[in-house]
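Biologist: Walk me through this model. I want a reason behind each label you use.

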Amino acid sequence: MIPIITAFEQSPDRGRGLARDMPVRWALEEVGQPYDVRLVSFGDMKERAHRSLQPFGQIPTYEEHDLVLFESGAIVFHIAERYKGLLPNHTGARARAITWMFAALSTVEPVIVQREVSLYLESDKPWCEERLPIVEERIRSRLAELGARLGNQEWLDDAFSAGDLLMVQVLRRLSGSNILDDYPNLGDYVARGEARPAFKRAFEAQLTVFTGKADTKR
Ligand code: GTB
């Protein structure tokens, strides 16, 4: 069975590939696994049928035979374990790649999301002007640490892995700001991720949904 994922019928990111179906699409493209997409509206997501797949009424979900998954990180992890290409075979290298997956989602992404919350949900609050620079400072400190570790390496460990896929996708959330400009090796790292043919196919697929020419079979 070809896996089926869910994605926004009309993504609020306007096709910039920032919604969380993007890392799942990218992972599937990296391993060469075709997939189908079921597009859902904001209304559909909150219905019982979708909540039986995703208890929080969100996208993405992943269905493969009788396996149903939610949480983009868990889905990418499953794809990386199920198919070849996103996790090294060597036990140590594999554990390190998985560590970077967690670092992306639990150490780097939360500070970036705090900024989005400030900008999009709290901008009318009187304290927002004071809070935003504090939040941005937290992002900068994480980026400085990540950039120091990456140095002039191509990827976070020896070879591109699911850890890089998630880290690049997390850093892409800063694309509307100029924050990454101050961390040139991280900017180059994101550009290397975006230059991968699998990224481009995934990006094009979600953009096509936004522009209205969706082919839901990939
Ligand atoms: N932890 C979950 C995961 O990783 O799968 C989070 C899933 C999630 O946040 N899904 C969002 C959703 O369904 C879409 S991607 N939201 C609807 C809801 O909660 O009611 C989040 C997202 C949306 C838009 C942008 N953007 O416009 O830049 C970026 C990210």
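**Pocket, ligand and backbone**

Modeller: The helix α5 contributes most to the lining of the largest pocket, namely six residues. Bear in mind that the model is predicted.

Biologist: What makes a residue part of the lining of the largest pocket?

Modeller: A lining residue has an atom within 4 Å of a pocket grid point. For the largest pocket there are 29 residues of this kind, with Leu18, Ala19, Arg20, Glu116 and Arg173 nearest its centre. Elements giving two or more residues are α2 (42-45), α4 (72-82) and α5 (91-121). By class the lining holds twelve nonpolar, eight polar and nine charged residues. The space in this pocket comes to about 790 Å³.

Biologist: Where does the ligand sit?

Modeller: In the largest pocket. That wording requires more than half of the ligand's atoms to lie within 2 Å of the pocket's grid points.

Biologist: Which residues come nearest to the ligand?

Modeller: Lys46, Gln58, Ile59, Glu71 and Ser72, out of 15 residues around the ligand. That shell has eight nonpolar, two polar and five charged residues.

Biologist: Why is the pair between Glu71 and the ligand called a polar contact?

Modeller: The cut-off is 3.5 Å between N or O atoms. A polar side-chain atom of Glu71 is 2.7 Å from a ligand nitrogen, so the pair qualifies. Ser72 passes too: an N or O atom of its side chain is 2.6 Å from a ligand oxygen. Ile59 uses its backbone, with an N or O atom 2.8 Å from a ligand nitrogen. Taken alone, the ligand exposes 680 Å², and the protein buries 76% of that.

Biologist: What makes the peptide bond from Ile59 to Pro60 stand out?

Modeller: Its omega is near 5°, and the bond is cis. Most peptide bonds are trans. Pro60 lies in the loop between α3 (48-51) and β3 (61-64).

Biologist: What is the sign of phi at His65?

Modeller: Positive, with a value near 50°, and His65 is not a glycine. Most residues other than glycine have a negative phi. His65 lies in the loop between β3 and β4 (67-70).

How values were computed. Residues are numbered from 1 along each chain as its sequence is written. This is a predicted model: local features need pLDDT of at least 70, side-chain atom pairs count only at pLDDT 80 or more; totals for chains, interfaces and linings use all residues. Side-chain values use heavy atoms; hydrogens and water are left out. A residue is near a molecule or strand if one of its heavy atoms lies within 4 Å of it. A polar contact is a pair of N or O atoms within 3.5 Å; within protein, one must be able to donate a hydrogen and the other to accept it, and residues adjacent in sequence count only if both atoms are side-chain atoms. Accessible areas come from the Shrake-Rupley method with a 1.4 Å probe; for residues, only the protein chains shown count as cover. On a 1 Å grid over the protein atoms alone, a cavity is a set of points where a 1.4 Å probe fits but cannot get out, and a pocket is an open set with protein on both sides within 12 Å along at least five of seven lines; lining residues have an atom within 4 Å of a point. Ala, Val, Leu, Ile, Met, Phe, Trp, Tyr, Cys and Pro count as nonpolar, Asp, Glu, Lys and Arg as charged, and the others, Gly among them, as polar. Grid points are joined across faces, edges and corners, and a volume is the space filled by probe spheres set on the points. Helices (H or I, at least four residues) and strands (E, at least two) are DSSP runs, numbered from the N terminus.
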